[in-house]
Amino acid sequence: MKILSVISKWSLLALVFTACNTQSSEDKEKDVIKEAYIYGYPLVIMDVTKEVMTAAPNVTETKAPVNQFDYIRKFPSPTSTDVVSPNADTLYSSAWLDLSKEPIIFVVPEMKDRYYLYPILDAWTNVFTSIGTRTTGSDKGTYAIVGPDWRGNLPKDVKKIQSPTNTAWMIGRIETNGPSDYAAVNKLQDQFKLIPLSSYGSHYVPPKNLPVEPYIDVNTPPVKQVEQMDGITFFTNLTALLKNNPPLPADSSFVRKLASIGIVPGEVFDVKKLTPEQLENLDKSITEAKTTIANEFQNMPNAKKVNGWNIMTEYVGDYGTHYLIRAAVANKGLGANLSKDAVYPTLATDAEGNPLDGSNRYILHFTKDQIPPVNGFWSITMYNDKQFFVPNPLDRYAIGDRSHLKINPDGSLDIYIQNTSPGKDKESNWLPAPKGGFNLIMRLYDPKEAVLDGKWNPPAIKKLY
C-alpha cells in the first residue's frame, strides 16, 4: 500500500503521542502501543503479502494480478527452497480479491470424488467462508463474493457470500495423487474462474500486461518487510488500511483503546511535533510486541502436546478477539485454514523426548482404532531441519492413506521412518528420513469430530533398537 504523501511521519507520531501524554504513565503509553501493534499486525502483513503476490503484469506460478488466479502446477522438488514446509498432497491456486468496486463471481466445476478446498480470508486473516468438499460438496457451483457495503441484485443462479472487508484472499487446494496426477489436476485448476459481476454472462478474458507499481519490493519476504518497519511506518500503514478495512464489530472495545493513542479509522491526523523520547518509546514498544508475538507461537495457549505431537485446533482461522494468537499465526503461518477443514499436528521428538534424527530407526504404530479419522484424507510429510523435502531413492516425501499402505492382519498400521530401507517387504510403509535431524507434519483434511474435540490423538514415534 502506497503511503499517502499528505500524511507525514511526524504528523502520525504527533497524534499518537498527543493522546498518550494525557494518560497516567509512560508504561501505560507503551502498553497501549504494544497492544495496537499486535492487533494491527495481521492487517499490515496481509497488505504487504498482497502487494508482493499481485506485483505481476500477467499470471505466473506464484503471482497474479488482483482478481486472477495464480497456479502451482506441480509439487516443489526436493532441491527447491522457495517454499518452507512444502505440501505433497495438493496443488494450490491463489487469488487476491478487490471487492471495493463490484462483486467477483467464483465459478466452481464439477469435482466428482476429488477432494478440494477453497477457503477465503478477510483482510484480518479470518476465514469467513470455505468452499469445498466438506461444505459445498462435489457439484459445480457459482458464488458471488461481495464487499461489506455492496448492495445490488445477483443473477438467480449465483449464491451470495459477503466478505467483512473489501480485500479478500482465496487459497485453493486440490487433492493430487503424485506426479502422474498433475495433468488431471491442472485441467481442473483451469476450470475455476473469477469474473467481475459486470462481465458475468459474457465471454470474459482477464486483462493482461497490467502495470506494476515500481515502489513494491518483490525481493524481500513480506514478514521481513513488516519486521523492518519502524513505528512511524507501521502505524501510518495501519491507520490508512483501517479506512478501507474497518475493524470488525467484535473489536469495538479495542477500537476505543486505539483511539486513546490517536488511531481512529477515517479521521484526519493533526500536525504536531514529537520529542526524541516519544519516538524512542514508540520503537521500544513495537520491539517488545515483536518478541511477544514470536514467544506466543512457541507457547501457543490454544495448542496441546500429546505423545510428542503439537496439535492446534482452537481459534485457528477464526480468531475472534484473540489478537495475540491471530498475530502469531499470521507471522508464522499466514493463510491458516479453519480446523474443521484441516488440522496439522507437528512432531520433532520421539517417545522419550529426544530430537528426531536419521541416524536412528523409528516406527509409528497406529492401532486399528487409532488410524487418523478423517472424511477427506491424511498424510505425514518428512522435512529436514531446514523444513524442506528430503531427497530419497523412492522420491517419496509424504505417506498416508493414498500410499497403498500394507495394513497388519489385526487392522493396525506401522510406518517405518528411517534413512535406509527397512527391507523390500516393508518399503510400501517406509517414509525416508535424512541422515541428520528431521521433523514431521501430519495433515488431516476434513478431520472428524474425534480430532477436533481431542478424543483422538496420534501415537508417539518410537525408536527401534
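**Exercise 1.** Which residue does Lys304 stand opposite in strand 11?

*Solution.* The model is predicted: local features need pLDDT of at least 70, side-chain atom pairs count only at pLDDT 80 or more, and totals for chains, interfaces and linings use all residues. Residues are numbered from 1 along each chain as its sequence is written, and side-chain values use heavy atoms, with hydrogens and water left out. Strands are DSSP runs of E of at least two residues, and helices are runs of H or I of at least four, numbered from the N terminus. Two strands pair if DSSP finds at least two bridges between them. Strand 10 (residues 303-306) and strand 11 (residues 309-312) run antiparallel and are joined by four bridges. Opposite Lys304 stands Ile311. Two residues lie between the strands of this hairpin, and Asn307 takes a positive phi near 55°.

**Exercise 2.** Find the strand order of the open sheet of four strands, and its edges.

*Solution.* The order is 18-17-14-20, with mixed pairing. Strand 18 (430-432) and strand 20 (461-464) each have a single partner strand, so one side of each lacks a neighbour in the sheet. Within the sheet, strand 14 (residues 361-366) pairs with strand 17 (residues 413-418) in the antiparallel sense over five bridges. His365 has Asp414 of strand 17 as its bridge partner.

**Exercise 3.** Is helix 6 largely enclosed or open?

*Solution.* Take buried as under 20% relative accessible area, exposed as over 50%, and partly exposed as in between (1.4 Å probe, protein chains only). Of the 14 residues of helix 6, 11 are buried, so the helix is largely enclosed by the rest of the structure. Among them are Phe234, Phe235 and Leu238.
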